[in-house]
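Below are some notes on the model, set out as numbered points. They can be read alongside the sequence and the coordinates.

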Amino acid sequence: MERPLTTPAPASAEGARAYLDLLAREASALEFEGPILQARAAGADAATLEELEQAKVAALKVRAMLRRRARREAELSALFDTAGDLAGLRDLDAVLEAIVHRARQLLGTDIAYMTLNDPERGDTYMRVTDGSISADFRRLRLAMGAGLGGLVAQTGTPYNTADYFADPRFRHTTTIDGAVQEEGLVAILGVPLRLGPQVIGVLFAANRSARPFAQEEVALLCSLAAHAAVAIDTARLLQETRAALAELSGANAVISAHSQAIERAADAHDRMTGLVLRGGGVEDVAAVVTEVLGGRLTVLDDEGRPLVGEARELDAGVFDAAQSSRALGRTVKRGDAYVASVDVGAAPLCTLVLRTDRPVSDTDQRILERAALVTALLLLFRRSVAEAEGRVRGELLDDLVSRPELRGLRDRARRLGVDLDAPHVLVVARHDGQRERAAFWASSQATLAHGLAAARGDEVVLLLPGDRPGALARRVAAELTASLGRPATAGAAPAAGPGADSVAGQTGEAGGRPVTSVAAAYAEARRCAGALVALGRTGDGASAEELGFVGLLVGERREVAGFLSGVLGPVLDYDARRGTALVTTLTAYFGTGGSLSRTAEALHIHVNTVTQRLDRVGQLLGVDWQEPDHALEIQLALRLHRLRTHMPDA
């Protein structure tokens, strides 16, 4: 609080006005001597001069008080502005720079700067400067206890010196002294930045000339240092808060993603369970997986062949991954493929291969594994049903072949969806090994075609609807070969169709077609398959009618007309339409041992005519008609044709 001014002695009105004018225009202290000097020059008496002297003293006191109050107002305004900066803190560097700049302005120093402690290195470093001209000074680091700043940072007490280099109270170092000298500093004031009992740095005000620092200046700098410490602590708290919020946000995102993954997994599980209960298939499970996880899904069976998807997307790495997946019981990643495989009794059952461009999380990998298990259950169920139905169908076919006299065969077939009164083809397919797989394949084919199938040693027997034995035999041979990965040879014969009673020669059940024809067809189909193997046509399929003269030996019906039509049909038809003698020419040609000249003599025609007729035969029967096997069939057909011509009942 300011001390009350003593009331001066009455002075002349003129002198009082002079000092009021000086106060009003904020004159310097030297100008307050003017009225006294003027009065003395004018010859004023001693009383007047004394009165003016007292007025001068009073005016100077008022001047000093006004200056202190103005300075205090500026200080309070600066502190208020700093508090406002702290309230709207967005950029810590901007706030610290403002505090240092205000310190320099309020204390009227050449430079102000701030250093902060570095706990990791155990020293302090220059954080902000205002008015500095030395790059080395701005990069300065001070060891704890070294230099004035190091002493303040270590003790937590304000220090000031009017002449830095002449002050022995702190430890001088070459580095610090060199930087201070380069900056040209002489008088330095340093106050600590405190956070509770902890000193986190030092705020400085310095002059490049000698000057003492008043206690009020020390207090002001301490106030600014306190604001700076609050700003630093607030920034630290804000940073920690932001980090905590970011961490919480990240954790919330992880939890949300995990929750969504769990919900997605639960939904997929419920949908796949529902599919099993509703009798859905492997394709339905694959559709759920691709809908939930995206990408492209391939489902492989126990042999690595695709049940769903395309085989062209697979490579050796996928099959290695499938083996690893079965060993680990987990999904295995290879490139962009995620592989989940299930085995039963150390034998693979199914493999799911998911290809996707995005990473698949652990939770989503569990969905793929669950889908593999559901697929395995469906395949096992399908296999069990197929095996059970296959046994029933196989037993019926065995009875049709071995015990056709049994009653109730038609009823048993009807319950399995097989109409024995419709035309059927019996196929016998010979294979080499893999009996279980061949039996499973045959059972599946019979079920799909509403037929019957049975396994007998190294052959499978199928009774399938149809009336084209040769085509069906070739299809069975090709598909079974592909399934087994090794050649399968199939022979076929018509069975249980119109005209079957004339073949079998006996009837089984009253009022119906003879079921015993299946046994005859089985015998013929076996002979046909054996003939194909004997002829070196392993892996092929055919009926007796397609084996030429060999078919006459293996067929039950001994169909000469069919043989003649197959071998000589085009030539016979040509002679009938054109009235030519191609058959006669062929007979003479083979009868003369293939001699053109002797054939011409026997027929009493020119050799060129023989050549033209034989060219026509080649066009009708094919360019290989003179090959030994084909020529033998043609000669046999010519003999049979001659016999039938002379023996119409043959």
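Which residues does Ala-228 touch, not counting residues up to four places away in sequence?

1. Ala-228 touches Leu-96, Ile-99, Met-114 and Leu-193, with residues up to four places away in sequence left out of the count. The model is a predicted one, and the points here should be read with that in mind. Ala-228 is found in helix α8, which covers residues 215–277. With a relative accessible area of 0%, Ala-228 is buried. Met-114, one of the residues it touches, is 114 residues away from Ala-228 in sequence, while the C-alpha atoms of the two are 9.4 Å apart in space.

2. For the chain overall, the secondary structure amounts to 22 helices and 16 strands. The chain has 650 residues, of which 43% count as buried. Among contacts with a separation of 6 or more, 60% come from residues 24 or more positions apart.

3. An open sheet is formed by six strands, ordered β3-β2-β1-β6-β5-β4, with antiparallel pairing. The edges are taken by β3 (141–143) and β4 (159–161); each has a single partner strand, so one side of each lacks a neighbour in the sheet. On average, neighbouring strands of this sheet are turned by 25° against each other, direction ignored.

4. At the β4 edge, three bridges join β4 to β5 (residues 187–195), and these two strands run antiparallel. In this pairing Thr-161 stands opposite Ile-188 of β5. Helix α4 (residues 92–107) lies across four strands of the sheet, namely β1 (111–118), β2 (123–130), β5 and β6 (198–207). The helix runs at about 70° to β2.

5. Helix α6 (residues 147–155) is mostly covered, since seven of its nine residues are buried. These buried residues are Gly-147, Leu-148, Gly-149, Gly-150, Leu-151, Val-152 and Ala-153. Gly-156 follows the helix and has a positive phi, near 75°.

6. Asp-301 deserves a separate entry. Its place is in the loop between β7 (296–300) and β8 (306–308). Is Asp-301 buried or exposed? Its relative accessibility is 14%, and because the cut-off for buried is under 20%, Asp-301 counts as buried. Apart from neighbours within four places in sequence, Asp-301 is in contact with Leu-307, Leu-349 and Arg-437.

7. Arg-437, in contact with Asp-301, is also one of the buried residues of helix α13. The others in that list are Ala-438, Trp-441, Ala-442, Ser-443 and Ala-446. The helix covers residues 435–449, 15 residues in total, and reaches 21 Å from its first C-alpha to its last. That is close to the 21 Å expected at 1.5 Å a residue.

8. Just after α13, His-450 takes a positive phi of about 60°. Further along are strands β13 (residues 452–456) and β14 (residues 459–465), which run antiparallel and are joined by five bridges. The two strands form a hairpin with two residues between them. Arg-456 stands opposite Glu-459 of β14. In the turn, Gly-457 has a positive phi of about 60°.

9. Gly-530 lies in helix α16 (residues 517–534). Its relative accessibility of 21% makes it partly exposed. Between Gly-530 and Ala-490 there are 8.8 Å in space, C-alpha to C-alpha, and the two are 40 residues apart in sequence.

10. How do helices α19 and α21 pack, and at what angle? Helix α19 (residues 582–591) packs against helix α21 (residues 607–621) at an angle of about 105°, with the axes 10 Å apart. The two helices are therefore roughly perpendicular to each other. On the α19 side the contact is made by Leu-582, Thr-585, Leu-586 and Tyr-589. On the α21 side it is made by Arg-613, Leu-614, Arg-616, Val-617, Leu-620 and Leu-621. By class, this contact has seven nonpolar residues, one polar and two charged.

Conventions. Residues numbered from 1 in each chain as written. Predicted model: local features only at pLDDT ≥ 70, side-chain atom pairs only at ≥ 80, totals over all residues. Heavy atoms only, no water. Pairing = 2+ DSSP bridges. Axes fitted to C-alpha atoms, helices over the stretch in contact; angles between N-to-C directions. Contact = heavy atoms within 4.5 Å. Parallel < 35°, antiparallel > 145°, perpendicular 65-115°, else oblique. Nonpolar A, V, L, I, M, F, W, Y, C, P; charged D, E, K, R; others polar. Expected span 1.5 Å × (residues − 1). Buried < 20%, exposed > 50% of the residue type's maximum accessible area, 1.4 Å probe, protein only.
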